[in-house]
Amino acid sequence: MAATAAAPRKGRPKAVINPDSCTGCEVCVAICPVDCIDKTPGPEYRTLNPTCVIDQPRCIGCFLCEKICPWDAITMVPPQEAPAMPTPVTTA
Ligand code: SF4
Ligand code: SF4
(Lines give C-alpha, C1' and ligand atoms only; values in the text may rest on other atoms or scores of the structure.)
(Ligands and ions follow the chains in the order given, each with its own letter.)
Protein backbone atom coordinates (compact mmCIF):
# COMPACT_ATOMS: atom_id res chain seq x y z
CA MET A 1 0.00 0.00 0.00
CA ALA A 2 1.29 3.45 -0.93
CA ALA A 3 2.05 5.77 1.93
CA THR A 4 -0.30 8.73 2.29
CA ALA A 5 1.41 12.12 2.33
CA ALA A 6 1.07 13.78 5.69
CA ALA A 7 -0.94 16.99 5.77
CA PRO A 8 1.20 20.05 6.42
CA ARG A 9 1.21 21.25 10.01
CA LYS A 10 -0.63 24.50 10.43
CA GLY A 11 1.29 25.74 13.43
CA ARG A 12 0.11 27.84 16.34
CA PRO A 13 -1.46 31.25 15.77
CA LYS A 14 0.60 34.35 16.41
CA ALA A 15 -0.35 37.43 18.39
CA VAL A 16 -0.30 40.78 16.62
CA ILE A 17 -0.64 44.15 18.36
CA ASN A 18 -2.57 46.98 16.73
CA PRO A 19 -0.40 50.02 17.51
CA ASP A 20 -3.40 52.33 17.06
CA SER A 21 -5.20 50.66 19.98
CA CYS A 22 -2.25 49.80 22.23
CA THR A 23 -1.71 52.18 25.14
CA GLY A 24 1.60 50.68 26.25
CA CYS A 25 0.11 49.59 29.57
CA GLU A 26 2.42 46.53 29.63
CA VAL A 27 -0.22 44.12 30.97
CA CYS A 28 0.65 41.79 28.11
CA VAL A 29 4.37 42.07 28.83
CA ALA A 30 3.78 40.86 32.37
CA ILE A 31 1.70 37.84 31.40
CA CYS A 32 3.56 36.49 28.37
CA PRO A 33 5.07 33.12 29.42
CA VAL A 34 7.94 33.32 26.94
CA ASP A 35 8.73 37.00 27.47
CA CYS A 36 8.45 37.88 23.78
CA ILE A 37 6.68 41.25 24.18
CA ASP A 38 8.61 44.46 24.61
CA LYS A 39 7.69 48.08 24.97
CA THR A 40 8.83 50.45 22.29
CA PRO A 41 10.28 52.97 21.74
CA GLY A 42 11.44 52.69 25.33
CA PRO A 43 12.08 55.25 28.05
CA GLU A 44 14.72 57.10 26.03
CA TYR A 45 12.00 58.57 23.75
CA ARG A 46 9.49 59.94 26.21
CA THR A 47 7.81 62.27 23.72
CA LEU A 48 6.57 59.38 21.55
CA ASN A 49 3.49 57.38 22.42
CA PRO A 50 4.72 54.01 23.66
CA THR A 51 3.27 50.78 22.35
CA CYS A 52 4.27 47.16 22.71
CA VAL A 53 5.56 44.89 19.98
CA ILE A 54 5.80 41.12 19.77
CA ASP A 55 8.86 39.17 18.68
CA GLN A 56 6.84 36.93 16.35
CA PRO A 57 9.21 33.94 16.03
CA ARG A 58 9.16 33.49 19.80
CA CYS A 59 5.37 33.73 20.23
CA ILE A 60 3.93 30.29 21.09
CA GLY A 61 0.31 31.31 20.42
CA CYS A 62 -0.95 30.80 23.97
CA PHE A 63 -3.69 33.47 23.68
CA LEU A 64 -2.98 34.88 27.17
CA CYS A 65 -2.13 38.37 25.97
CA GLU A 66 -5.10 38.45 23.62
CA LYS A 67 -7.45 37.56 26.48
CA ILE A 68 -6.02 39.97 29.01
CA CYS A 69 -5.41 43.11 26.95
CA PRO A 70 -7.77 45.73 28.44
CA TRP A 71 -7.88 47.66 25.16
CA ASP A 72 -8.57 44.77 22.75
CA ALA A 73 -5.41 45.70 20.91
CA ILE A 74 -4.20 42.14 20.31
CA THR A 75 -5.41 39.81 17.59
CA MET A 76 -4.42 36.19 17.01
CA VAL A 77 -3.68 35.44 13.36
CA PRO A 78 -2.58 32.38 11.41
CA PRO A 79 1.21 32.10 11.50
CA GLN A 80 1.55 32.83 7.79
CA GLU A 81 -0.20 36.18 8.34
CA ALA A 82 2.04 37.34 11.16
CA PRO A 83 4.55 40.05 10.30
CA ALA A 84 8.10 38.79 10.00
CA MET A 85 9.37 41.64 12.14
CA PRO A 86 7.74 43.65 14.94
CA THR A 87 5.61 46.48 13.65
CA PRO A 88 7.84 49.58 13.40
CA VAL A 89 6.87 52.63 15.37
CA THR A 90 5.84 55.55 13.19
CA THR A 91 6.48 59.07 14.34
CA ALA A 92 4.35 60.97 11.80
S1 SF4 B 1 -2.06 44.84 27.15
FE2 SF4 B 1 -2.85 45.67 25.22
S3 SF4 B 1 -2.87 47.93 25.50
FE4 SF4 B 1 -1.56 47.03 27.11
S5 SF4 B 1 0.53 47.12 26.23
FE6 SF4 B 1 -0.31 45.08 25.74
S7 SF4 B 1 -1.24 45.33 23.70
FE8 SF4 B 1 -0.92 47.38 24.53
S1 SF4 C 1 0.14 34.64 22.48
FE2 SF4 C 1 1.24 34.01 24.37
S3 SF4 C 1 3.36 33.72 23.69
FE4 SF4 C 1 2.35 34.92 22.10
S5 SF4 C 1 2.80 37.05 22.64
FE6 SF4 C 1 0.80 36.51 23.57
S7 SF4 C 1 1.29 35.87 25.67
FE8 SF4 C 1 3.21 35.80 24.48
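The following paragraphs describe the fold, the model confidence and the ligand surroundings of a predicted protein structure.

The protein contains two helices and four strands. Along the sequence, these elements are arranged in the pattern β-α-β-β-α-β. Contacts between residues at least 6 apart in sequence were examined, and 75% of them join residues at least 24 apart. Of the 92 residues in the protein, 18% are buried.

Confidence in the predicted model was assessed by pLDDT, which averages 83 over the protein. A score of at least 70 is reached by 75% of the residues. Among the secondary-structure elements, helix α2 (residues 64-68) has the highest confidence, at 98. Strand β2 (residues 37-40) has the lowest, with a mean of 92.

Two ligands were considered in turn. Around ligand 1 there are 13 residues, of which Cys 22, Cys 25, Val 27, Cys 28 and Cys 69 come nearest. By residue class, the shell around ligand 1 comprises 10 nonpolar residues, two polar residues and one charged residue.

Ligand 2 is surrounded by 14 residues. Those that come nearest to ligand 2 are Ala 15, Cys 32, Cys 59, Cys 62 and Cys 65. The shell of ligand 2 consists of 13 nonpolar residues and one polar residue, with no charged residue present. A charged residue is found, by contrast, in the shell around ligand 1. Cysteines are included among the nearest residues of ligand 1, Cys 22 being one of them, and likewise among those of ligand 2, including Cys 32.

Methods:
Residues numbered from 1 in each chain as written. Chains lettered and ligands numbered in written order. Predicted model: local features only at pLDDT ≥ 70, side-chain atom pairs only at ≥ 80, totals over all residues. pLDDT = per-residue confidence, 0-100. Near = placed C-beta within 6 Å. Nonpolar A, V, L, I, M, F, W, Y, C, P; charged D, E, K, R; others polar. Buried ≥ 20, exposed ≤ 12 C-beta atoms within 10 Å, placed from the backbone. Contact = placed C-beta atoms within 7 Å.
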